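Please open the model in your viewer and keep the selection panel at hand. The stops below say what to select and what is to be found there.

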Amino acid sequence: MIIVALFTVSLFSAVMLAIIGDRRLAAEINILASFATFVISLFLAVDVYHSGGMTAADNYFFVDAFNVYLVVLTTFVSTTTAVFSRNYMRFERAHGKVGHKGMRFYHAMFQMFIFAMLLALLTNNVGVLWISMELATLSTVLLVSLYRTPSSVEAAWKYFILCGVGIALALFGTILLYFASEKVVGEGTQGLLWTNLILVSDRLEPTILSLAFIFFVVGYGTKVGLVPLHNWLPDAHSEGPTPISAVLSGLLLNIALYALVRCKVLVNKAMGSNWAGEIMMGFGILSLIVASFSLLRQKDVKRMFAYSSIEHMGIATFAFGLGGPIATFGGLLHMLVHSLTKSSIFFTVGHAAQISGTQHIANIKGLIKANPLVGWGMVFGVIAITGMPPFGVFASEFLILTATMKYAPMLIPLFMLGIAVAFAALFRKMQTMVFGDPPEVRQEISAAHVPVFLHMALVLVLGLYFPQFLQRWFLDAVEILK
Amino acid sequence: MTFTAQIINVLAACILLTSFGLLVQRRIYGLLRIFAWQGLFLSASTALVAYTAGMNHLYISAALTLTLKVVVLPYILYVLVNRLNIYRDVEPLVNIPATMLIGIVLVIFSYHLTAPIRELSTLVTRTTLAVALSTVLLGFLMMITRKKAVTQIIGFLALENGLFFAATSATYGMPLVIELGVALDILIAAFIFGIFIFQIRTTFDSLDLKEMEKLKEHEGA
């Protein structure tokens, strides 16, 4: 019942916001709606915590420790993003970057996007998962081109075509999966339910599943942003409005990875080996290396952090590919802390770009003097995302590194190289932006500081102290993903 | 092989033929016509599978294909092409023989890839899975080789045709909920494509995607 309420709120508010349009309270309603979904998701989480996984609405939906934590994360980050976007979009509106229609569309699609992500997470049906992933793309694609500049239209077109084609391949994978499962489970919807597939996974035909997994990796991997399928990601992140960059980076990539991990567990069980995991490890390490070297030559600040997202998704993909309790635990934690850190970085970057009137790194200077909280927000964000202690990213990367040391020691140099290069690149570029004197001409903004520091505080806490309930949650999830 | 199975195979061959047709057709009206034909073959083969296998829900997806792929989408594109006055455009295609050869290689590759599955399948339609995969890959090839926005859209839709064909040929169709969802997604995608065409037109003054190559790594910029 709670699950249905979760969908109703986001879908209903999408419709509501489409009707309300660009009125004064639209942004507040957006915040309220996101917050309502967050509260409902907390109830759901408590339920799952006490009674374990469950299915709802005639097996259409299911929750377990793995997806419920992503649901809470998704609703939480979307709430803080809604708070941030209130200030951010007001500024953009005042400077004539978006019009009347644009704002109506923006708010409605923001809620639609949340709905699509929640559906992807909670559905029990592999086919519906595909449909909602496609819906998530469709709802954001026109948001990327919201400003109607030539480069934003180009970025949106690229995003649409690449993700559309990629996800089409995932549908082919889904068809193959159904082809294998209908022999075991029987025809009809039953053959596509995760809960059924997991039960019969060792009886599914391994040759078909291995072929299906190739299509899943290419399909959902495009959305995760794995190299060499990542081309859309930096463009879409740098050209769209910053709140959208924050949710794309912090949430959508996680959802795509979630889909991939579910497929990997299934295929591994059918094949009786870690074949699928090895493919993910390959893609993960390649993404880490390529993205970290790409970081070095970025001139655009949002583009740079987009590459940093590719790098971190690479690390998480690698961790899930490696498998085993420690690496999986590390991967889960990494998804959590990366999502929190990266969205808070995009919040500060958005404000920094508004202050300086440009996204060009060379022209952003002296943020600490111009607006101390934005400046320090960026300093802490970069320290956290590069994996410095005491922040949570350090903990997750350390766990993954430990597991790599044990199971795949040959990959340690590559892994370390990627992290070190990313650290050097980000740290150097951050310094020129925050220190020194700000330029004479700059915009006054009313920044939303609460989301940034709330996220940073959470990441800091996760680095120092790991709460009991979260630990039990993750251990349950590790058990599911074995 | 029964008579109906043979007809299904003939229809599969027709779908493959139309994919190659799309690959080398230069005129936009011609492309739309071939695309509609492909939809018609697809719909006919789906209906035939529904008849032989006695799967009633496949009739619905056949009807869906007929309305969407043969009537609605070609019509939307037709209106769009007329409205934008681009129906006279002839796309310069480099090296048609080479494209055809790559296409043939892709077909052989698909047959090779699906070989293990063909042996497992007992369905009437099992031989058509390779054709479905070929259609998907040829749609890909079309999207790569074409530089105009409208032709890329047609390539994308042809790719989706291949997926639908895979769903019917390999599995007697996905459950109806899924097919309806997929159809809805494709419809939304088509509308977004339409909106995009106008956005590209107004921002770039051209529908040539060669204009849209600004966003690269800005080395030394």
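Which residues of H19(A) are buried? Before selecting them, note that this is a predicted model, in which local features need pLDDT of at least 70 and side-chain atom pairs count only at pLDDT 80 or more, while totals for chains, interfaces and linings use all residues. Residues are numbered from 1 along each chain as its sequence is written, and chains are lettered from A and ligands numbered from 1 in the order in which they are written.

**Stop 1: helix H19 of chain A**

Select residues 468-480 of chain A, which form helix H19; helices here are DSSP runs of H or I with at least four residues, strands are runs of E with at least two, and both are numbered from the N terminus. The buried residues of H19(A) are A:Trp473, A:Phe474, A:Ala477 and A:Val478, where buried means that 20 or more other C-beta atoms lie within 10 Å of the residue's own, exposed means 12 or fewer, and partly exposed lies in between, with C-beta atoms placed from the backbone. Looking down the axis of H19(A), you should find that these buried residues fall within an arc of 140°, so they line one face of the helix; the arc is that of the directions from the helix axis to the C-beta atoms. Turn to the face away from the buried side, and you meet the exposed residues A:Gln468, A:Phe469, A:Gln471 and A:Arg472.

Next, add H2 (26-51), H3 (65-94) and H13 (325-356) of chain A to the selection, since these are the helices against which the buried residues of H19(A) pack. The end C-alpha atoms of H19(A) are 19 Å apart, which agrees with the 18 Å that its 13 residues should span at 1.5 Å a residue, the expected span being 1.5 Å times one less than the number of residues.

**Stop 2: chain A as a whole**

Now show chain A alone, whose secondary structure comes to 19 helices and two strands. Its radius of gyration is 21 Å, close to the 23 Å that the globule rule gives for 482 residues, so chain A is as compact as a globular protein of that length; the radius is taken over C-alpha atoms, and the rule is 2.2 Å times the number of residues to the power 0.38. Along the principal axes, the C-alpha atoms of chain A fill a box of roughly 70 × 55 × 45 Å, and 63% of the 482 residues count as buried.

**Stop 3: A:Phe216 and its surroundings**

Select A:Phe216 in helix H8 of chain A, a residue that is buried, with 29 other C-beta atoms within 10 Å. Leaving aside residues up to four places away in sequence, A:Phe216 touches A:Ala170, A:Gly173, A:Leu260 and A:Cys263, a contact being a pair of residues whose C-beta atoms, placed from the backbone, lie within 7 Å. A:Lys264 is 48 residues from A:Phe216 along the chain, yet their C-alpha atoms are separated by 9.0 Å.

**Stop 4: three loops of chain A**

In the loop between H8 and H9 (232-239) of chain A, find A:Pro228, which is joined to A:Val227 by a cis peptide bond with omega of about 5°. Then move to A:Pro390, in the loop between H15 (372-385) and H16 (392-407) of chain A, where the peptide bond from A:Pro389 is also cis, with omega near 10°. The loop between H5 and H6 of chain A holds A:Arg148, a residue other than glycine whose phi is positive, near 60°; A:Arg148 is partly exposed, with 15 other C-beta atoms within 10 Å.

**Stop 5: where chain A meets chain B**

Bring chain B back into view, and select the 36 residues of chain A that are in contact with 38 residues of chain B. H5 (126-144), H6 (150-182) and H8 (206-224) of chain A each supply at least two residues of this side of chain A, and the largest share, 17 residues, comes from H6(A). Coloured by class, the side of chain A that touches chain B shows 21 nonpolar, seven polar and eight charged residues, with Ala, Val, Leu, Ile, Met, Phe, Trp, Tyr, Cys and Pro counted as nonpolar, Asp, Glu, Lys and Arg as charged, and the others, Gly among them, as polar.

**Stop 6: chain B and its helix H7**

Finish on chain B, which has seven helices and zero strands, and of whose 221 residues 43% count as buried. Select residues 176-204 of chain B for helix H7, whose 29 residues reach 41 Å from first C-alpha to last, close to the 42 Å expected at 1.5 Å a residue. Among the buried residues of H7(B) are B:Phe193, B:Phe196 and B:Ile197, and the helix is followed by B:Asp205, whose phi is positive, near 65°.

Terms used. Contact = placed C-beta atoms within 7 Å.
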